Amino acid sequence: MTFDRVLLLLLVAGPLFWFGLFPLRPQSKVLSGPHPALWRAILLAGLGFWRPGARLMEEAGQDWERRALYSQRLARAGGWWWPLWVRAWERARPGDPDVALVRAAAQVGHAWRLRGAYAASMTPDVRFRWFHAALCRAREDVAKAALLNPADPTPHVLEIRIALGLGYPRDVMRELWGELVARAPHHFDAHYSALQYWSRKWRGTDKLAREFARTAAADAPAGSLLAALPLFAWYETTMHDDYAYLHCTSPQVRSMVAAAVEDMEQAGGHPALPRVQHLVAHCLHEQGRHREALRYFRAVDGWVDGVPWRYRPLARFAYRGARTAAVRAVVAERLRRRPPVGTPAP
């Protein structure tokens, strides 16, 4: 390669690498991590082909974590046009608890899209009226899905999102939580959703959210990923703090990260593993442990539906920036360790 071509390559690739755009792999907000079968089912469902999604739901069986993941992600397929392919599934298999669950999840997601992603102070009253009316309709679909499969905790997980929007009183939330943990006591997605309810930004306080997370982590078996819940509680209660990055380096947060990493080592194949990997990668990067962070960035690269990126205005660029900063730091570290040219070998 000539000098001119090398220079041209540096001029083109250098800025892309520096600003986090390289490698040019697309980053999707549909999933948290790679799952080829689910990704294919989502794409085909959006085109009207419901059978791959139905097959995934059947394969999940009583794996409640996987069932929650599949139903909620399939519910997004087709966007605002989801009723078209869901109705085709319902016509082909009337009374199927799987399609009833996907419909319920889609109705809940539809309600939250009507509300929008802005803070309450920036959301028009008309959107709140649409939102609350849609949540009330969704509650009927959730109840139907629960009746068709009484052992399944997933409808109760969906109802927590309804509880957030409609403002269930705390005693009603505790009753709902009792029904849920009786079916799946260590369900990660259920605990993460309940953590939102008990946080200050919804129906609780910082203290309640952190206490809930500590209690869940203390009682959880290894590999359930609930050891990472205190780390999520910490982030949820500090993410609006101007100096949150300083808290990230505290001994307390380091201990939380260590507990999450240890739990991840025993959680191979857990559907929620990529969600934990995103937050752990972010924390390790902020702590200056870039080489360790890259391990988890590589595991989820291509997928950015996770904390903290989902809270950023430009999730894809936020992820790319953090990932590339970690790569730059590792490269710089290797260059510093490289002996000078001409240094004799020991």
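This is a conversation about reading side-chain contacts and helix packing in a predicted model.

Biologist: Let's start with the rings. How is a pair of aromatic rings described?

Modeller: A pair of aromatic rings is described by two things, the distance of the centres and the angle of the planes. In this predicted model, the count comes to 14 aromatic pairs. Take Trp-50 and Trp-89: their ring centres are 6.0 Å apart and their planes meet at 10°, so this pair is stacked.

Biologist: Where in the chain do Trp-50 and Trp-89 lie?

Modeller: Trp-50 is in the loop between α2 (36–46) and α3 (51–60), while Trp-89 belongs to helix α5 (residues 82–92). They are 39 residues apart, and the pair links distant parts of the chain.

Biologist: Are Trp-50 and Trp-89 buried or exposed?

Modeller: Trp-50 and Trp-89 are both buried. Ring pairs also bring in Trp-85, giving a cluster of Trp-50, Trp-85 and Trp-89.

Biologist: Stacked I can picture now. What kind of aromatic pair do Phe-188 and Phe-232 form?

Modeller: Look at the angle between the planes, which is 70° for Phe-188 and Phe-232. Planes over 60 degrees apart count as edge-to-face, and that is what this pair is, with 6.0 Å from centre to centre. Phe-188 lies in helix α10 (residues 188–198) and Phe-232 in helix α12 (residues 229–238), so the pair ties together parts that are 44 residues apart in sequence. Phe-188 is buried, and Phe-232 is buried too.

Biologist: And the helices that carry those two rings? At what angle do α10 and α12 pack?

Modeller: For helix packing, read the angle together with the distance between the axes. Here α10 and α12 pack at about 25°, and their axes are 11 Å apart. Angles under 35 degrees count as roughly parallel, so α10 is roughly parallel to α12. The crossing of α10 past α12 is right-handed.

Biologist: Back to rings for a moment. Which residues lie over the face of Trp-80 and of Tyr-192?

Modeller: Here you read the distance to the ring centre. Arg-113 lies over the face of Trp-80, 5.1 Å from the ring centre. Over the face of Tyr-192 you will find Arg-275, at 4.9 Å from the centre of that ring.

Biologist: Now the charged pairs. How many salt bridges does a search of the whole structure find?

Modeller: The search finds 16 salt bridges. To read one, check the N to O distance, then the accessibility of each partner. The side chains of Arg-66 and Asp-63 meet at 3.3 Å, N to O, and Asp-63 counts as partly exposed at 30% relative accessibility. Asp-206 and Arg-200 form another salt bridge, at 3.1 Å, N to O. Asp-206 is partly exposed, with a relative accessible area of 24%, whereas Arg-200 is exposed at 53%.

Biologist: Which distant parts of the chain does the pair of Glu-265 and Arg-295 link?

Modeller: Glu-265 sits in helix α14 (residues 251–265) and Arg-295 in helix α16 (residues 290–300), 30 residues apart. In their salt bridge, the closest N and O atoms are 3.0 Å apart. Glu-265 counts as partly exposed at 47% relative accessibility, and Arg-295 is partly exposed at 48%.

Biologist: One last thing to find: which residues are linked in a network of salt bridges?

Modeller: Try Arg-73, Arg-76, Asp-305 and Arg-310; salt bridges link these residues in a network.

Definitions and conventions:
Residues are numbered from 1 along each chain as its sequence is written. This is a predicted model: local features need pLDDT of at least 70, side-chain atom pairs count only at pLDDT 80 or more; totals for chains, interfaces and linings use all residues. Side-chain values use heavy atoms; hydrogens and water are left out. Rings of Phe, Tyr and Trp (its six-membered ring) pair if their centres lie within 6.5 Å; planes under 30 degrees apart count as stacked, over 60 as edge-to-face and the rest as tilted. Helices (H or I, at least four residues) and strands (E, at least two) are DSSP runs, numbered from the N terminus. Buried means under 20% relative accessible area, exposed over 50%, partly exposed in between (1.4 Å probe, protein chains only). A charge sits over a ring if NZ of Lys or CZ of Arg is within 6 Å of the ring centre and within 35 degrees of the ring normal. A salt bridge is a side-chain nitrogen of Lys or Arg within 4 Å of a carboxyl oxygen of Asp or Glu. Axes are lines fitted to C-alpha atoms, for helices over the stretch in contact, and angles run from 0 to 180 degrees between N-to-C directions. Angles under 35 degrees count as roughly parallel, over 145 as roughly antiparallel, 65 to 115 as roughly perpendicular and the rest as oblique. A crossing is left-handed if the near helix is turned anticlockwise from the far one by less than a right angle, and right-handed if clockwise.
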